[in-house]
Amino acid sequence: MQDAYGRQIDYLRLSVTDLCNFRCQYCMPPEGVKKQQHRAILSVEECAEIAGAAVRCGVGKIRLTGGEPLVRRGILDICRRLRALPGLEELCLTTNGSLLPQLAGPLRDAGVDRLNISLDTLRPDRFSRLTRLGRLEDALSGIRAAEEAGFSRLKLDTVLIGRFNDDEIGDFLQLTLDHPWEVRFIELMPMGPCAAWDKGCFLSGETVLERYPALEPLESQGVARRYRLPGAKGSVGLISPVSHDFCGSCRRIRVTADGHLKGCLHSREEIPLRGLHGAELEAAIRQGIAQKPERHRLALGASDTPRNMNQIGG
């Protein structure tokens, strides 16, 4: 289905929880988030029903997000139900990787096609400081478990933060020399806890190209501009929602863990989906697609959404 600006909307990011076993500084407050009552979050059945309606509206790709989706009770059941949807072409999941040693194999068996693993630093002390609760070794063990389970084309998502991890760009590029992974540097967005951070924390993706001019351009894929170091097994992606916004080619909608459709990550506008079924549910999703904003306004300041990233879905 096309939105009002002629963009083909075929990608749903479905959040299954706002909870996480990390407390990443740019995403969540140090005390975490208040656990909502069970009935406030989409049930397994509601996740499947909304996903099915989205597929009937033209969605071919679904990515499960959170919070951390692997802390969600029933995550494997959700994956199995979505994988069984007629017309769904690709089922993906974004995770911090810490629970993959136990769940990578079951996720593969449940029908997940691809994994994105968040990894913002390769230094244990920085990892602990940024995530507040996490250990680097758990994330690295998760990457190994994903490969052992048969997941190929792994993507490692690295939020680029000035004066925190920009001195590790070369270390991340080294990973692509030795492994068939795509390391994707994502610009830090002014939203949630980091909206008031010092401007020096917000680096353009061009920083990577300026420091490593040997990177050779590849064909872009989705929102990522892609590159490769000579002789590398893997690739490098630059995702630049602030400096090079890709709003004109955005093809996604989002559904929050409490059942609200968002046409744009940074928009205040939401459409409640809970309690809707059948044609009424499809009509609401089509309305959300039709009302998708033309673009965000990050270039003018902070995000307009009142929600933190964990409340929307990363």
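How many salt bridges does a search of the whole structure find? The search finds 19, and we will come back to several of them once the framework is in place. Please keep in mind that this is a predicted model.

Let's begin with the sheet. It is an open sheet of 12 strands with mixed pairing, in the order β7-β8-β9-β6-β5-β4-β3-β2-β1-β10-β11-β12. At its edges are β7 (216-217) and β12 (271-272), each of which pairs on one side only. Helix α1 packs on this sheet, where it touches β1 (11-15), β2 (61-65) and β10 (252-255). The direction of α1 makes about 170° with that of β1.

Now follow a run of neighbouring strands. Strand β3 (residues 90-95) pairs with β4 in the parallel sense, over four bridges, and Thr 94 stands opposite Asn 116 in β4. Between these strands the chain passes through a helix: β3, helix α3 (residues 100-109) and β4 make a right-handed β-α-β unit. Strand β4 itself (residues 114-118) is mostly covered, with four of its five residues buried. Strand β4 also pairs in the parallel sense with β5 (residues 155-160), over three bridges. Here Asn 116 turns up again, with Lys 155 as its bridge partner in β5. One step further along, six bridges join β5 to strand β6 (residues 182-187), and these two run parallel as well; in this pairing Leu 156 stands opposite Val 183.

What about the interior? In soluble globular proteins, nonpolar side chains tend to be buried together. In this model the largest nonpolar core has 85 residues, and Leu 14, Ile 62, Leu 64, Leu 82, Leu 107, Phe 185 and Ile 285 are those with the most contacts inside it. Helix α1 (residues 44-56) contributes the largest share of this core, eight residues. Leu 107 is a good place to zoom in: leaving aside neighbours within four places in sequence, its contacts are Leu 70, Leu 76, Cys 79, Leu 93, Leu 100, Val 112 and Phe 151.

Helix α1 also takes part in salt bridges. The side chains of Arg 81 and Glu 45 meet in one of them, at 3.8 Å from N to O. Because Arg 81 lies in helix α2 (residues 75-83) and Glu 45 in helix α1, this pair ties together parts that are 36 residues apart in sequence. Both partners are partly exposed, Arg 81 with a relative accessible area of 33% and Glu 45 with 48%. Glu 46 forms a salt bridge with Arg 274, at 2.8 Å from N to O. That pair links helix α1 to the loop between β12 and α8, across 228 residues. Arg 274 counts as partly exposed, at 32% relative accessibility.

Another salt bridge brings together two loops. Arg 163 and Asp 198 meet at 2.9 Å, N to O; Arg 163 is in the loop between β5 and α6 (169-178), and Asp 198 in the loop between β6 and α7 (206-211). Arg 163 is exposed, with a relative accessible area of 61%, whereas Asp 198 is partly exposed at 46%. Elsewhere, salt bridges that share partners join Arg 123, Arg 126, Asp 167 and Glu 168 into one network.

Our last stop is Glu 294, in the loop between α8 (278-290) and α9 (309-312). Glu 294 counts as partly exposed because its relative accessibility is 43%. Not counting residues up to four places away in sequence, Glu 294 touches Tyr 5, Arg 7 and Cys 247.

Conventions. Residues numbered from 1 in each chain as written. Predicted model: local features only at pLDDT ≥ 70, side-chain atom pairs only at ≥ 80, totals over all residues. Heavy atoms only, no water. Core = buried A, V, L, I, M, F, W, Y, C linked by side-chain atoms within 4.5 Å. Buried < 20%, exposed > 50% of the residue type's maximum accessible area, 1.4 Å probe, protein only. Contact = heavy atoms within 4.5 Å. Pairing = 2+ DSSP bridges. Right-handed = clockwise from strand over helix to strand, strands pointing away. Axes fitted to C-alpha atoms, helices over the stretch in contact; angles between N-to-C directions. Salt bridge = Lys/Arg side-chain N within 4 Å of Asp/Glu carboxyl O.
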